[in-house]
Amino acid sequence: MSHANNPEMINRLKRAQGHLATIVRMVEEGRDGLVIAQQMQAVIKAVEKAKSVLIADHIEHHLEAVVGPLPRETRERLSGLNDIVKYL
């Protein structure tokens, strides 16, 4: 699956976009800094997760470009990449 049509990544980015718009309003309204910082952290985490999904998709895409379509069993074995990508 390409990152261009990965619903998980697109949903995470849209959620982050919505949170960010809310943060802008909160700053403009002079809301409490602690609350704003908490919301900023939520945006950061959402973007980081989207980045992890993007990296995993990118690796899988290029791997398939080199070796050809991957069987289901191989994909399952490679799913460990998704677990480690979150630490990038």
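Here is a quick tour of this protein, from its overall build down to a few single residues. Keep in mind that the model is a predicted one. The protein has 4 helices and 0 strands, and from the N terminus on its elements read α-α-α-α. With a radius of gyration of 17 Å, well over the 12 Å that the globule rule gives for 88 residues, the protein is more spread out than a compact globule.

**Overall build**

- Picture a box laid along the principal axes: the C-alpha atoms of the protein fill one of roughly 55 × 20 × 15 Å.
- Take the contacts in the protein with a separation of 6 or more, and 58% of them turn out to be between residues 24 or more positions apart.

**Surface and charge**

- How much of the protein counts as buried? The figure is 18% of its 88 residues.
- About 6500 Å² of the protein is exposed, and 58% of that comes from carbon and sulfur atoms.
- On the charge side, there are 12 positive and 11 negative charges in the protein, and their mean positions lie 2 Å apart.

**The nonpolar core**

- Which residues make up the largest nonpolar core? There are 6 in all: Ala16, Ile23, Met26, Ile36, Val43 and Ala46.
- Two elements each give two or more residues to this core, namely helix H1 (7-29) and helix H2 (33-67).
- Ile36, one of the core residues, touches Ile23, Met26, Val27 and Arg31, once residues up to four places away in sequence are left out.
- Two of those partners, Ile23 and Met26, are themselves members of the core.

**A closer look at helix H2**

- Ser52 sits in helix H2. Is Ser52 buried or exposed? Its relative accessible area is just 8%, and buried means under 20%, so Ser52 is buried.
- Setting aside neighbours within four places in sequence, Ser52 is in contact with Val85 and Lys86.
- Ala42 is another residue you'll find in helix H2. Its relative accessibility is 31%, so Ala42 counts as partly exposed, the label for values between 20% and 50%.
- Along the chain, Ala42 and Ala16 are 26 residues apart, while their C-alpha atoms are separated by 7.7 Å. Ala16 belongs to the largest nonpolar core.
- Ala37 also has its place in helix H2, and at 41% relative accessibility Ala37 counts as partly exposed too.
- How far apart are Ala37 and Val24 in space? From C-alpha to C-alpha the distance is 12 Å, with their positions 13 residues apart in sequence terms.

Conventions:
Residues are numbered from 1 along each chain as its sequence is written. This is a predicted model: local features need pLDDT of at least 70, side-chain atom pairs count only at pLDDT 80 or more; totals for chains, interfaces and linings use all residues. Side-chain values use heavy atoms; hydrogens and water are left out. The radius of gyration is taken over C-alpha atoms; the globule rule is 2.2 Å times the number of residues to the power 0.38. Buried means under 20% relative accessible area, exposed over 50%, partly exposed in between (1.4 Å probe, protein chains only). Contact means heavy atoms within 4.5 Å. Accessible areas come from the Shrake-Rupley method with a 1.4 Å probe; for residues, only the protein chains shown count as cover. Lys and Arg count as positive and Asp and Glu as negative; His and the chain ends are not counted. The place of a charge is taken as NZ of Lys, CZ of Arg, CG of Asp or CD of Glu. A nonpolar core is a set of buried Ala, Val, Leu, Ile, Met, Phe, Trp, Tyr and Cys residues joined through side-chain atoms within 4.5 Å.
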